[in-house]
Amino acid sequence: MSETLRYLQSESAEAGIEIGALVKYILLDAVNARASDVHIEPWESTLAVRIRLNGVLTELVHLPLDLMDKIAGRFKVLANLVTYQTGQPQEGHAPADPELGGVELRISIFPTTRGEKIVARIFDPGNRSFDLATLGFEQDILDAFTTLVCKPNGLILLTGPTGSGKTTAIYSALYMLVQKYGPAISIATVEDPVEFSLPMVAQAQVNPAQDFTYPKALRSLMRQDPQVIMVGEIRDPETANIAVQAGLTGHLVISTIHSGSTAGVFARLMNMEIEPFLLSSSITGVLGVRLIRKNCAYCMQPYEPEPHIMKSVPLADRETAQFRRGTGCDQCLSTGYSGRTAVNELLKVTQPFRDAVMDKLPTRALQDVAINQGMLTMWQRGLRRALSGETTLEEIQRVISVDEI
């Protein structure tokens, strides 16, 4: 039984629910389950509390709707927000508190037609490792990505949906550089927001309200003599242009950009009016990242996927496949999964690929060039994880499209 349910069924709760205690137990349940987020949202007849486990939302408890304003007020106090303001979105940060599991919280309050929705992102400083070797990268990807990061200049881009591990991968790369070069290297970041404090790294957080934007921060940063620059996200043509130019002028730049695929990054940047010859000269590699849930080691057993799902598996692989899935147990909270690992696609910019970018080939053709140069697609790498029994075929299809390009 969860701490929240235990509290709600206790004698003290019968005498009157204490909001501070209720919020504490909700957060402790999330921390103990190693959730990444807590969602508290007014539904038609209840206040639904859900936690995101291994990337999937799971119901924790349903509370009476009349507690909504009090719970929202408690979260606003934790994040030092305006408690009486209910019609505007608010965002804030709650520092680590031992009573709340020792985690830091990024709290977002959003007004809906039924009331305020609360989402708390959980950051556990004691349970966060920035070690590239522990992220689940396959060895060839890890070696190639490490080689790119150790180059003295160029632009490395990471792409993937929100929550796919892009920031963790970049932080790990920066931490590796700090470990390797120590005080001999100058590293600076521009982020929105700064999620963790890295040793020996100058981190800055953009603040549009004070006109401290990505472009303004980067232009100033270029005069700070950095060797490595991390840009939280390329969102607009001006930021893209500065990042590309920095990669061409002796800096190593690492950033993220939203795109459907690694090859699609180039079309996205061309749509921002960045010239193809600049892209082909500056970008050294694009890493696509996804996170998949791993089978629970305590309850996984062989199984046969449904015929319509098996259609995506090549005939040659079906005979040797070792499909497994978790049946659900106490260790995995009856989900069948425990923990997550990375599935990646690394597009290394070779000379044939540069020529294809210069010729403005469409995304599909660019991907074909990369595959001909030895790139394994995200789907191929994910399928290998399912064939070996590390995860289920259904999980791979949930995260990665069969024809993803």
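Which residue in β3 stands opposite Leu 47? Leu 63 does. This is a predicted model, in which local features need pLDDT of at least 70, side-chain atom pairs count only at pLDDT 80 or more, and totals for chains, interfaces and linings use all residues. Residues are numbered from 1 along each chain as its sequence is written, and side-chain values use heavy atoms, with hydrogens and water left out.

Start with the sheet that holds this pair. Helices (H or I, at least four residues) and strands (E, at least two) are DSSP runs, numbered from the N terminus. Two strands pair if DSSP finds at least two bridges between them. β2 and β3 are joined by seven bridges and run antiparallel. They belong to an open sheet of six strands, ordered β3-β2-β1-β6-β5-β4, with antiparallel pairing. β3 and β4 stand at the edges with a single partner strand each, so one side of each has no neighbour in the sheet. On average, neighbouring strands here are turned by 20 degrees against each other, direction ignored. Such angles run from 0 to 180 degrees between N-to-C directions, with axes as lines fitted to C-alpha atoms, for helices over the stretch in contact.

Now go to the β4 edge. β4 covers residues 90-94. Five bridges tie β4 to β5 (residues 104-112), and the two run antiparallel. Glu 91 stands opposite Ser 108 in β5. In a regular strand the side chains alternate between the two faces of the sheet. In β4, Gln 90, Gly 92 and Ala 94 make up the covered face. Glu 91 and His 93 make up the uncovered one.

Before β4 in the chain comes helix α4, residues 68-78. Buried means under 20% relative accessible area, exposed over 50%, and partly exposed in between, with a 1.4 Å probe and protein chains only. The buried residues in α4 are Met 68, Ile 71, Ala 72, Gly 73, Phe 75, Lys 76 and Leu 78. Asn 80 follows α4 and has a positive phi, near 60 degrees.

The other sheet is also open. Its seven strands have the order β9-β8-β10-β11-β7-β12-β15, with mixed pairing. β9 (202-205) and β15 stand at the edges with a single partner strand each, so one side of each lacks a neighbour in the sheet. From one strand to the next, the twist averages 15 degrees. β8 (residues 187-191) and β9 run parallel and are joined by four bridges. Within this pair, Val 190 stands opposite Ala 204. The loop between α6 (166-181) and β8 holds Gly 182. Gly 182 is buried, at a relative accessible area of 14%. Its C-alpha atom is separated by 36 Å from that of Val 357, 175 residues apart along the chain.

Next come the spaces. On a 1 Å grid over the protein atoms alone, a cavity is a set of points where a 1.4 Å probe fits but cannot get out. A pocket is an open set with protein on both sides within 12 Å along at least five of seven lines, and lining residues have an atom within 4 Å of a point. Grid points are joined across faces, edges and corners, and a volume is the space filled by probe spheres set on the points.

The second largest pocket has a volume of about 320 Å³. α1 (3-8), α3 (19-32), β2 (47-53) and β3 (56-63) each give two or more residues to its lining. β3 gives the largest share, three residues. The lining has 14 residues, and Ser 2, Asp 29, Ala 33, Leu 60 and Leu 333 lie nearest the centre.

There are two cavities of 30 Å³ or more. The second largest cavity holds about 40 Å³ of space. Its lining is Gly 136, Phe 137, Glu 138, Ala 342, Val 343, Asn 344, Arg 381 and Arg 385. β15 (337-348) and α15 (378-387) each supply at least two of these residues. β15 gives the most, with three.

Finally, the cysteines. A disulfide is a pair of cysteine sulfur atoms within 2.5 Å. The count is zero. Why is there no bond from Cys 296 to Cys 299? The sulfur of Cys 299 is the closest cysteine sulfur to that of Cys 296, but at 3.8 Å it is too far for a bond. The sulfur of Cys 329 has its closest cysteine sulfur in Cys 296, also 3.8 Å away and too far for a bond. Cys 296 is buried, with a relative accessible area of 1%. Cys 329 is buried too, at 18%.
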